[in-house]
Amino acid sequence: MTENRLTARNSIVIILAAGKGTRMGRTDLAKVCFEIDGQPAINRTINTFKKLGFENFMLVVGSRAEDVMATVSMDTPEAVYIFQEPQLGTGHAAKLASEALQRSDYKGNIIVTLGDKYIEEEAIEMLVDGFVRQQADLALFTIPKGKSGDSSGRVFCDSSGQIMDIIEKPDIACQAIGDEIRTNLKASGIEAKKIRQIINKHLPSEKKQALVVGELLKLLNSSRSIEKEQLKNILEMKKFNIEIGGKKYSAKEAEAKSKGVNPSLYMFKPKAFYKGISMIDNNNAQKEYYLTDVVKHLSSVADESGPKFRIRAVYSQNAHWIQGFNSPDELLSISDYIRRKKLKKDKTRFEAGKPKLKNTQYCTVKVWLEKLEKEDKSLKQWLNTIYGRHEDLHKQKIANLKNVLKCYGKNFGLDDKVCIVRAPGRINLMGRHVDHRGG
(Lines give C-alpha, C1' and ligand atoms only; values in the text may rest on other atoms or scores of the structure.)
Protein backbone atom coordinates (compact mmCIF):
# COMPACT_ATOMS: atom_id res chain seq x y z
CA MET A 1 0.00 0.00 0.00
CA THR A 2 1.43 3.44 -0.94
CA GLU A 3 2.01 6.08 1.73
CA ASN A 4 -0.78 8.26 0.31
CA ARG A 5 -3.25 5.34 0.40
CA LEU A 6 -2.30 4.61 4.00
CA THR A 7 -2.78 8.30 4.84
CA ALA A 8 -6.22 8.19 3.19
CA ARG A 9 -7.29 5.18 5.26
CA ASN A 10 -6.19 6.95 8.44
CA SER A 11 -8.17 10.09 7.63
CA ILE A 12 -11.76 11.31 7.87
CA VAL A 13 -13.39 13.55 5.26
CA ILE A 14 -15.66 16.26 6.66
CA ILE A 15 -18.02 17.72 4.07
CA LEU A 16 -19.90 20.90 4.97
CA ALA A 17 -23.33 20.52 3.36
CA ALA A 18 -25.75 22.66 5.38
CA GLY A 19 -26.20 25.60 3.00
CA LYS A 20 -29.58 26.63 1.58
CA GLY A 21 -28.41 27.56 -1.91
CA THR A 22 -31.00 30.31 -2.37
CA ARG A 23 -29.48 31.35 -5.71
CA MET A 24 -30.10 27.92 -7.22
CA GLY A 25 -33.74 28.85 -7.84
CA ARG A 26 -35.35 25.81 -6.17
CA THR A 27 -36.61 25.50 -2.61
CA ASP A 28 -37.51 21.81 -2.92
CA LEU A 29 -33.94 20.56 -3.44
CA ALA A 30 -30.87 20.89 -1.23
CA LYS A 31 -28.01 22.67 -2.98
CA VAL A 32 -25.60 19.74 -2.64
CA CYS A 33 -28.18 17.37 -4.18
CA PHE A 34 -28.26 19.15 -7.54
CA GLU A 35 -26.91 16.84 -10.20
CA ILE A 36 -23.60 17.28 -11.97
CA ASP A 37 -23.69 15.33 -15.22
CA GLY A 38 -26.39 12.99 -13.91
CA GLN A 39 -25.04 12.46 -10.37
CA PRO A 40 -25.86 14.41 -7.16
CA ALA A 41 -22.95 16.73 -6.41
CA ILE A 42 -22.49 15.42 -2.86
CA ASN A 43 -22.36 11.77 -3.99
CA ARG A 44 -19.94 12.62 -6.79
CA THR A 45 -17.56 14.21 -4.24
CA ILE A 46 -17.77 11.29 -1.81
CA ASN A 47 -17.24 8.74 -4.59
CA THR A 48 -14.17 10.63 -5.80
CA PHE A 49 -12.64 10.36 -2.32
CA LYS A 50 -13.56 6.66 -2.15
CA LYS A 51 -11.65 5.93 -5.37
CA LEU A 52 -8.51 7.18 -3.62
CA GLY A 53 -8.92 4.97 -0.56
CA PHE A 54 -10.86 7.21 1.85
CA GLU A 55 -13.36 5.29 3.95
CA ASN A 56 -14.60 7.63 6.70
CA PHE A 57 -17.05 10.46 6.03
CA MET A 58 -18.77 13.01 8.27
CA LEU A 59 -21.31 15.46 6.84
CA VAL A 60 -22.52 18.64 8.50
CA VAL A 61 -26.13 19.09 7.35
CA GLY A 62 -28.77 21.75 7.95
CA SER A 63 -31.09 22.95 5.21
CA ARG A 64 -33.21 20.04 3.92
CA ALA A 65 -31.06 17.69 6.02
CA GLU A 66 -33.34 14.69 5.44
CA ASP A 67 -32.99 15.00 1.66
CA VAL A 68 -29.19 15.22 1.89
CA MET A 69 -29.03 12.17 4.17
CA ALA A 70 -31.34 10.17 1.89
CA THR A 71 -29.25 11.06 -1.16
CA VAL A 72 -25.93 10.19 0.49
CA SER A 73 -27.22 6.95 2.03
CA MET A 74 -27.85 5.53 -1.46
CA ASP A 75 -24.07 5.27 -2.00
CA THR A 76 -22.58 5.74 1.48
CA PRO A 77 -24.85 4.36 4.21
CA GLU A 78 -21.95 4.39 6.69
CA ALA A 79 -21.59 8.21 6.66
CA VAL A 80 -21.93 10.08 9.98
CA TYR A 81 -24.01 13.28 10.26
CA ILE A 82 -23.86 16.43 12.39
CA PHE A 83 -26.84 18.80 12.37
CA GLN A 84 -26.14 22.55 12.18
CA GLU A 85 -28.85 24.88 13.43
CA PRO A 86 -28.66 27.85 13.24
CA GLN A 87 -26.31 28.07 10.26
CA LEU A 88 -23.68 30.63 11.24
CA GLY A 89 -21.08 29.97 8.56
CA THR A 90 -18.50 27.39 7.55
CA GLY A 91 -16.43 28.02 10.67
CA HIS A 92 -19.43 27.28 12.89
CA ALA A 93 -20.10 24.05 10.95
CA ALA A 94 -16.46 23.02 11.41
CA LYS A 95 -16.70 23.75 15.15
CA LEU A 96 -19.61 21.30 15.47
CA ALA A 97 -17.64 18.63 13.59
CA SER A 98 -14.56 19.28 15.74
CA GLU A 99 -16.54 18.89 18.96
CA ALA A 100 -17.99 15.58 17.74
CA LEU A 101 -14.55 14.22 16.78
CA GLN A 102 -13.02 15.23 20.10
CA ARG A 103 -15.85 13.53 22.00
CA SER A 104 -15.00 10.30 20.16
CA ASP A 105 -11.26 10.86 20.83
CA TYR A 106 -10.47 10.82 17.10
CA LYS A 107 -6.72 11.06 16.42
CA GLY A 108 -6.44 10.65 12.63
CA ASN A 109 -5.94 13.19 9.85
CA ILE A 110 -8.85 15.39 8.80
CA ILE A 111 -9.82 16.64 5.34
CA VAL A 112 -12.40 19.42 5.14
CA THR A 113 -14.23 20.56 2.02
CA LEU A 114 -17.64 21.88 0.91
CA GLY A 115 -20.51 19.89 -0.58
CA ASP A 116 -21.25 22.37 -3.38
CA LYS A 117 -18.05 21.53 -5.26
CA TYR A 118 -16.87 19.51 -8.21
CA ILE A 119 -13.52 17.98 -7.21
CA GLU A 120 -11.25 15.94 -9.47
CA GLU A 121 -9.12 13.05 -8.21
CA GLU A 122 -5.94 14.90 -9.15
CA ALA A 123 -6.71 17.70 -6.68
CA ILE A 124 -7.12 15.28 -3.76
CA GLU A 125 -4.02 13.29 -4.72
CA MET A 126 -2.00 16.49 -4.96
CA LEU A 127 -3.28 17.70 -1.57
CA VAL A 128 -2.42 14.44 0.23
CA ASP A 129 0.99 14.29 -1.45
CA GLY A 130 1.74 17.90 -0.48
CA PHE A 131 0.52 17.31 3.08
CA VAL A 132 2.84 14.31 3.51
CA ARG A 133 5.83 15.69 1.61
CA GLN A 134 5.83 19.10 3.35
CA GLN A 135 5.15 17.54 6.78
CA ALA A 136 2.36 20.06 7.17
CA ASP A 137 0.05 20.48 10.14
CA LEU A 138 -2.36 22.11 7.70
CA ALA A 139 -2.12 21.85 3.91
CA LEU A 140 -4.32 24.06 1.77
CA PHE A 141 -5.02 23.35 -1.90
CA THR A 142 -4.61 26.57 -3.88
CA ILE A 143 -5.57 27.50 -7.44
CA PRO A 144 -4.62 30.54 -9.57
CA LYS A 145 -6.64 33.72 -9.49
CA GLY A 146 -8.90 34.03 -12.48
CA LYS A 147 -12.47 33.65 -13.63
CA SER A 148 -13.19 30.57 -11.52
CA GLY A 149 -11.60 32.04 -8.41
CA ASP A 150 -12.79 35.64 -8.47
CA SER A 151 -15.12 35.21 -5.48
CA SER A 152 -12.76 33.00 -3.45
CA GLY A 153 -10.61 34.03 -0.51
CA ARG A 154 -7.11 35.31 -1.27
CA VAL A 155 -4.20 33.27 0.13
CA PHE A 156 -1.17 35.08 1.61
CA CYS A 157 2.22 33.46 2.34
CA ASP A 158 5.43 34.80 3.85
CA SER A 159 8.90 34.30 2.35
CA SER A 160 9.35 30.96 4.14
CA GLY A 161 6.22 29.47 2.53
CA GLN A 162 4.14 29.71 5.69
CA ILE A 163 0.53 30.71 4.93
CA MET A 164 -0.27 33.74 7.10
CA ASP A 165 -3.88 34.45 6.24
CA ILE A 166 -6.82 34.02 3.88
CA ILE A 167 -8.81 37.20 3.25
CA GLU A 168 -12.35 36.78 1.95
CA LYS A 169 -13.47 38.77 -1.11
CA PRO A 170 -16.08 40.87 0.83
CA ASP A 171 -13.30 41.94 3.21
CA ILE A 172 -11.09 42.93 0.26
CA ALA A 173 -14.06 44.89 -1.13
CA CYS A 174 -14.53 46.60 2.24
CA GLN A 175 -10.88 47.68 2.21
CA ALA A 176 -11.25 48.95 -1.38
CA ILE A 177 -14.25 51.07 -0.33
CA GLY A 178 -12.23 52.56 2.53
CA ASP A 179 -9.24 53.21 0.25
CA GLU A 180 -11.32 55.06 -2.36
CA ILE A 181 -13.21 57.13 0.20
CA ARG A 182 -9.88 58.26 1.69
CA THR A 183 -8.61 59.18 -1.80
CA ASN A 184 -11.72 61.30 -2.52
CA LEU A 185 -12.05 62.79 0.97
CA LYS A 186 -11.41 66.55 1.08
CA ALA A 187 -11.02 68.87 4.05
CA SER A 188 -14.66 69.87 3.69
CA GLY A 189 -15.82 66.24 3.54
CA ILE A 190 -17.35 64.19 0.72
CA GLU A 191 -20.74 64.00 -0.98
CA ALA A 192 -22.98 61.16 0.19
CA LYS A 193 -23.72 60.44 -3.47
CA LYS A 194 -20.02 59.84 -4.13
CA ILE A 195 -19.74 57.38 -1.23
CA ARG A 196 -22.76 55.50 -2.53
CA GLN A 197 -21.14 55.24 -5.98
CA ILE A 198 -17.97 53.84 -4.39
CA ILE A 199 -19.94 51.27 -2.40
CA ASN A 200 -21.93 50.17 -5.48
CA LYS A 201 -18.70 49.85 -7.48
CA HIS A 202 -17.02 47.44 -5.07
CA LEU A 203 -20.10 45.74 -3.56
CA PRO A 204 -23.00 45.64 -6.06
CA SER A 205 -25.13 43.34 -3.88
CA GLU A 206 -27.46 45.34 -1.60
CA LYS A 207 -27.63 42.42 0.82
CA LYS A 208 -23.84 42.36 1.16
CA GLN A 209 -23.72 46.14 1.48
CA ALA A 210 -25.97 45.97 4.55
CA LEU A 211 -23.77 43.26 6.10
CA VAL A 212 -20.38 44.68 5.20
CA VAL A 213 -20.72 48.49 5.33
CA GLY A 214 -23.92 49.04 7.30
CA GLU A 215 -22.30 51.89 9.29
CA LEU A 216 -21.61 53.83 6.09
CA LEU A 217 -25.14 53.30 4.76
CA LYS A 218 -26.65 54.75 7.97
CA LEU A 219 -24.40 57.78 7.63
CA LEU A 220 -25.47 58.33 4.00
CA ASN A 221 -29.12 58.50 5.00
CA SER A 222 -28.47 61.30 7.48
CA SER A 223 -27.06 63.98 5.17
CA ARG A 224 -26.26 64.92 1.57
CA SER A 225 -22.69 65.83 2.50
CA ILE A 226 -20.61 63.84 4.97
CA GLU A 227 -18.03 65.73 7.05
CA LYS A 228 -14.52 64.40 7.43
CA GLU A 229 -14.90 64.04 11.19
CA GLN A 230 -18.03 61.92 10.75
CA LEU A 231 -16.05 59.39 8.71
CA LYS A 232 -13.02 59.30 10.98
CA ASN A 233 -14.23 56.63 13.44
CA ILE A 234 -15.70 54.47 10.67
CA LEU A 235 -12.54 54.50 8.54
CA GLU A 236 -10.48 53.57 11.60
CA MET A 237 -12.48 50.36 12.05
CA LYS A 238 -10.51 47.12 11.64
CA LYS A 239 -12.46 46.02 8.56
CA PHE A 240 -11.32 49.11 6.63
CA ASN A 241 -7.67 48.44 7.58
CA ILE A 242 -6.50 44.99 6.40
CA GLU A 243 -3.50 43.62 8.25
CA ILE A 244 -1.55 40.57 7.10
CA GLY A 245 1.25 39.39 9.35
CA GLY A 246 1.08 42.64 11.31
CA LYS A 247 1.46 44.87 8.23
CA LYS A 248 -1.29 47.07 6.75
CA TYR A 249 -2.24 46.72 3.10
CA SER A 250 -4.46 48.59 0.69
CA ALA A 251 -6.90 46.46 -1.33
CA LYS A 252 -4.72 46.89 -4.40
CA GLU A 253 -1.57 45.84 -2.51
CA ALA A 254 -3.37 42.85 -1.01
CA GLU A 255 -4.52 41.65 -4.43
CA ALA A 256 -0.96 42.00 -5.75
CA LYS A 257 0.53 40.09 -2.81
CA SER A 258 -1.93 37.21 -3.13
CA LYS A 259 -0.75 34.68 -5.71
CA GLY A 260 -3.62 32.23 -5.42
CA VAL A 261 -7.11 31.64 -4.09
CA ASN A 262 -8.68 29.15 -1.73
CA PRO A 263 -11.15 26.67 -3.32
CA SER A 264 -11.88 25.11 0.12
CA LEU A 265 -9.94 21.86 0.28
CA TYR A 266 -7.95 21.49 3.51
CA MET A 267 -6.01 18.70 5.22
CA PHE A 268 -5.16 18.86 8.96
CA LYS A 269 -3.30 16.93 11.57
CA PRO A 270 -5.74 16.51 14.49
CA LYS A 271 -3.98 18.87 16.95
CA ALA A 272 -3.93 21.65 14.37
CA PHE A 273 -7.59 21.10 13.51
CA TYR A 274 -8.83 21.13 17.10
CA LYS A 275 -6.70 24.12 18.08
CA GLY A 276 -7.40 26.22 14.97
CA ILE A 277 -11.15 25.58 14.92
CA SER A 278 -11.46 26.50 18.61
CA MET A 279 -9.98 29.94 17.86
CA ILE A 280 -12.43 30.94 15.09
CA ASP A 281 -14.63 33.98 15.84
CA ASN A 282 -17.02 36.15 13.79
CA ASN A 283 -15.02 39.40 13.84
CA ASN A 284 -15.34 40.11 10.11
CA ALA A 285 -17.32 42.16 7.60
CA GLN A 286 -20.23 39.69 7.34
CA LYS A 287 -20.32 38.66 11.06
CA GLU A 288 -19.98 35.00 10.13
CA TYR A 289 -17.68 32.27 11.41
CA TYR A 290 -15.29 31.67 8.52
CA LEU A 291 -13.46 28.37 8.26
CA THR A 292 -10.72 30.32 6.45
CA ASP A 293 -9.87 32.15 9.70
CA VAL A 294 -8.32 28.92 10.97
CA VAL A 295 -5.20 29.82 8.95
CA LYS A 296 -4.74 33.23 10.59
CA HIS A 297 -5.27 31.87 14.09
CA LEU A 298 -2.96 28.87 13.70
CA SER A 299 -0.30 31.08 12.15
CA SER A 300 -0.39 33.32 15.24
CA VAL A 301 0.41 30.42 17.60
CA ALA A 302 4.18 30.71 18.15
CA ASP A 303 6.95 30.51 20.71
CA GLU A 304 10.60 31.63 20.81
CA SER A 305 11.52 29.21 18.02
CA GLY A 306 8.76 30.42 15.68
CA PRO A 307 5.33 29.17 14.53
CA LYS A 308 4.13 25.99 16.27
CA PHE A 309 2.15 24.78 13.24
CA ARG A 310 3.40 24.30 9.69
CA ILE A 311 0.76 25.76 7.35
CA ARG A 312 1.60 25.10 3.73
CA ALA A 313 0.02 25.76 0.33
CA VAL A 314 -0.27 23.02 -2.28
CA TYR A 315 -0.24 24.99 -5.53
CA SER A 316 -2.06 23.80 -8.63
CA GLN A 317 -2.01 25.64 -11.94
CA ASN A 318 -5.27 23.94 -13.00
CA ALA A 319 -8.23 25.98 -11.77
CA HIS A 320 -10.65 23.37 -13.16
CA TRP A 321 -9.68 20.67 -10.66
CA ILE A 322 -12.00 22.25 -8.10
CA GLN A 323 -15.07 24.20 -9.20
CA GLY A 324 -17.84 25.54 -7.01
CA PHE A 325 -21.40 26.43 -7.98
CA ASN A 326 -23.84 29.00 -6.64
CA SER A 327 -26.27 29.22 -9.55
CA PRO A 328 -27.78 26.97 -12.25
CA ASP A 329 -25.50 28.57 -14.86
CA GLU A 330 -22.38 27.61 -12.89
CA LEU A 331 -23.71 24.09 -12.45
CA LEU A 332 -24.29 23.77 -16.22
CA SER A 333 -20.79 25.07 -16.87
CA ILE A 334 -19.31 22.30 -14.70
CA SER A 335 -21.43 19.65 -16.45
CA ASP A 336 -20.29 20.94 -19.86
CA TYR A 337 -16.67 20.77 -18.71
CA ILE A 338 -17.10 17.11 -17.66
CA ARG A 339 -18.75 16.19 -20.98
CA ARG A 340 -15.95 17.84 -22.95
CA LYS A 341 -13.43 15.82 -20.93
CA LYS A 342 -15.29 12.61 -21.73
CA LEU A 343 -15.29 13.43 -25.45
CA LYS A 344 -11.54 14.05 -25.40
CA LYS A 345 -10.92 10.68 -23.75
CA ASP A 346 -13.20 8.83 -26.14
CA LYS A 347 -11.54 9.66 -29.46
CA THR A 348 -13.85 7.36 -31.41
CA ARG A 349 -16.93 9.22 -30.24
CA PHE A 350 -15.18 12.53 -30.75
CA GLU A 351 -14.26 11.73 -34.35
CA ALA A 352 -17.74 10.35 -35.05
CA GLY A 353 -19.22 13.63 -33.91
CA LYS A 354 -17.45 15.60 -36.64
CA PRO A 355 -19.53 16.45 -39.74
CA LYS A 356 -18.77 14.05 -42.60
CA LEU A 357 -20.11 16.11 -45.50
CA LYS A 358 -18.86 16.96 -48.97
CA ASN A 359 -17.20 20.31 -49.61
CA THR A 360 -20.32 21.31 -51.56
CA GLN A 361 -22.38 20.79 -48.39
CA TYR A 362 -20.00 21.94 -45.65
CA CYS A 363 -17.86 25.00 -46.30
CA THR A 364 -17.03 28.43 -44.91
CA VAL A 365 -19.57 31.24 -44.65
CA LYS A 366 -17.46 33.20 -47.12
CA VAL A 367 -17.66 30.41 -49.74
CA TRP A 368 -21.43 30.06 -49.28
CA LEU A 369 -21.91 33.80 -49.89
CA GLU A 370 -19.78 33.61 -53.03
CA LYS A 371 -21.93 30.72 -54.31
CA LEU A 372 -25.13 32.69 -53.71
CA GLU A 373 -23.69 35.75 -55.47
CA LYS A 374 -22.85 33.71 -58.60
CA GLU A 375 -26.35 32.23 -58.90
CA ASP A 376 -24.94 29.45 -61.12
CA LYS A 377 -26.80 26.58 -62.76
CA SER A 378 -26.56 24.20 -59.75
CA LEU A 379 -28.13 26.83 -57.45
CA LYS A 380 -31.05 27.42 -59.84
CA GLN A 381 -31.60 23.69 -60.17
CA TRP A 382 -31.64 23.34 -56.36
CA LEU A 383 -34.20 26.16 -56.00
CA ASN A 384 -36.39 24.73 -58.77
CA THR A 385 -36.40 21.30 -57.11
CA ILE A 386 -37.51 22.70 -53.76
CA TYR A 387 -39.74 25.67 -54.64
CA GLY A 388 -40.70 25.07 -58.27
CA ARG A 389 -40.17 27.59 -61.06
CA HIS A 390 -40.99 30.77 -59.13
CA GLU A 391 -38.31 33.39 -59.86
CA ASP A 392 -39.60 35.94 -57.32
CA LEU A 393 -39.65 33.32 -54.58
CA HIS A 394 -36.12 32.24 -55.53
CA LYS A 395 -34.85 35.81 -55.13
CA GLN A 396 -36.52 36.08 -51.73
CA LYS A 397 -34.98 32.80 -50.52
CA ILE A 398 -31.50 33.81 -51.75
CA ALA A 399 -31.81 37.14 -49.93
CA ASN A 400 -32.90 35.33 -46.74
CA LEU A 401 -29.95 32.93 -46.92
CA LYS A 402 -27.51 35.81 -47.46
CA ASN A 403 -28.88 37.66 -44.44
CA VAL A 404 -28.56 34.59 -42.21
CA LEU A 405 -24.99 33.89 -43.38
CA LYS A 406 -23.91 37.54 -42.97
CA CYS A 407 -25.38 37.59 -39.48
CA TYR A 408 -23.48 34.42 -38.56
CA GLY A 409 -20.29 35.77 -40.13
CA LYS A 410 -20.53 39.02 -38.18
CA ASN A 411 -20.89 37.19 -34.86
CA PHE A 412 -18.65 34.14 -35.35
CA GLY A 413 -16.43 34.84 -38.34
CA LEU A 414 -16.66 34.36 -42.11
CA ASP A 415 -14.10 31.53 -42.00
CA ASP A 416 -16.25 29.26 -39.84
CA LYS A 417 -17.48 26.16 -41.68
CA VAL A 418 -21.26 25.70 -41.71
CA CYS A 419 -23.87 23.66 -43.51
CA ILE A 420 -27.25 24.97 -44.64
CA VAL A 421 -30.15 22.85 -43.47
CA ARG A 422 -33.68 23.31 -44.74
CA ALA A 423 -36.42 22.33 -42.28
CA PRO A 424 -39.71 22.03 -44.23
CA GLY A 425 -42.03 22.95 -41.38
CA ARG A 426 -42.32 25.57 -38.72
CA ILE A 427 -40.17 25.60 -35.59
CA ASN A 428 -42.45 25.73 -32.56
CA LEU A 429 -40.63 27.51 -29.72
CA MET A 430 -43.35 26.50 -27.25
CA GLY A 431 -42.46 22.85 -27.75
CA ARG A 432 -45.91 21.64 -28.82
CA HIS A 433 -46.40 19.08 -31.55
CA VAL A 434 -47.35 20.81 -34.78
CA ASP A 435 -48.88 17.80 -36.55
CA HIS A 436 -52.20 18.24 -34.73
CA ARG A 437 -51.95 22.01 -34.24
CA GLY A 438 -52.43 23.06 -37.84
CA GLY A 439 -48.76 22.79 -38.77
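Biologist: Which helices and strands do the buried residues of helix H7 pack against?

Modeller: In this predicted model, the buried residues of H7 have partners among both helices and strands. The strands are S11 (190–191) and S12 (225–226), while the helices that they pack against are H6 (169–184), H8 (206–212), H9 (214–220) and H10 (228–235).

Biologist: On which side of H7 do its buried residues lie, and over what arc around the axis?

Modeller: The buried residues in helix H7, which spans residues 192–202, are Ala192, Ile195, Ile198 and Ile199. They are placed on the same side of H7, because the arc they cover around the axis is only 120°.

Biologist: Which exposed residues does the face of H7 turned away from its buried side carry?

Modeller: Exposed here means over 50% relative accessible area. On the face of H7 that is turned away from the buried side, the residues meeting this description are Lys193 and Lys201.

Biologist: Turning to the sheet, in what order do the three strands stand, and which are the edge strands?

Modeller: The three strands form an open sheet with antiparallel pairing, in the order S10-S9-S15. An edge strand here pairs on one side only, and this applies to strand S10 (163–167) and strand S15 (260–262).

Biologist: By what angle are neighbouring strands of this sheet turned against each other on average?

Modeller: The sheet in question is the open one with the order S10-S9-S15. With direction ignored, its neighbouring strands are turned against each other on average by 40°.

Biologist: How many residues lie between S9 and S10 in their hairpin, and which glycine in the turn has a positive phi?

Modeller: Strand S9 (residues 153–157) pairs with S10 in the antiparallel sense over four bridges, and within this pairing phenylalanine 156 stands opposite aspartate 165, while cysteine 157 stands opposite isoleucine 163. The hairpin that S9 and S10 form has five residues between the strands, and the residue in the turn with a positive phi, of about 95°, is glycine 161.

Biologist: Which residue of S15 stands opposite valine 155?

Modeller: S9 and S15 run antiparallel and are joined by three bridges. Across this pairing, the residue that stands opposite valine 155 is glycine 260.

Biologist: Why is S9 largely enclosed by the rest of the structure?

Modeller: Both faces of S9 are covered, with Gly153, Val155 and Cys157 buried on one side and Arg154 and Phe156 buried on the other. S9 is therefore largely enclosed by the rest of the structure, the number of its five residues that are buried being five.

Methods: Residues are numbered from 1 along each chain as its sequence is written. This is a predicted model: local features need pLDDT of at least 70, side-chain atom pairs count only at pLDDT 80 or more; totals for chains, interfaces and linings use all residues. Side-chain values use heavy atoms; hydrogens and water are left out. Two strands pair if DSSP finds at least two bridges between them. Helices (H or I, at least four residues) and strands (E, at least two) are DSSP runs, numbered from the N terminus. Axes are lines fitted to C-alpha atoms, for helices over the stretch in contact, and angles run from 0 to 180 degrees between N-to-C directions. Buried means under 20% relative accessible area, exposed over 50%, partly exposed in between (1.4 Å probe, protein chains only). The arc is that of the directions from the helix axis to the C-beta atoms. Contact means heavy atoms within 4.5 Å.
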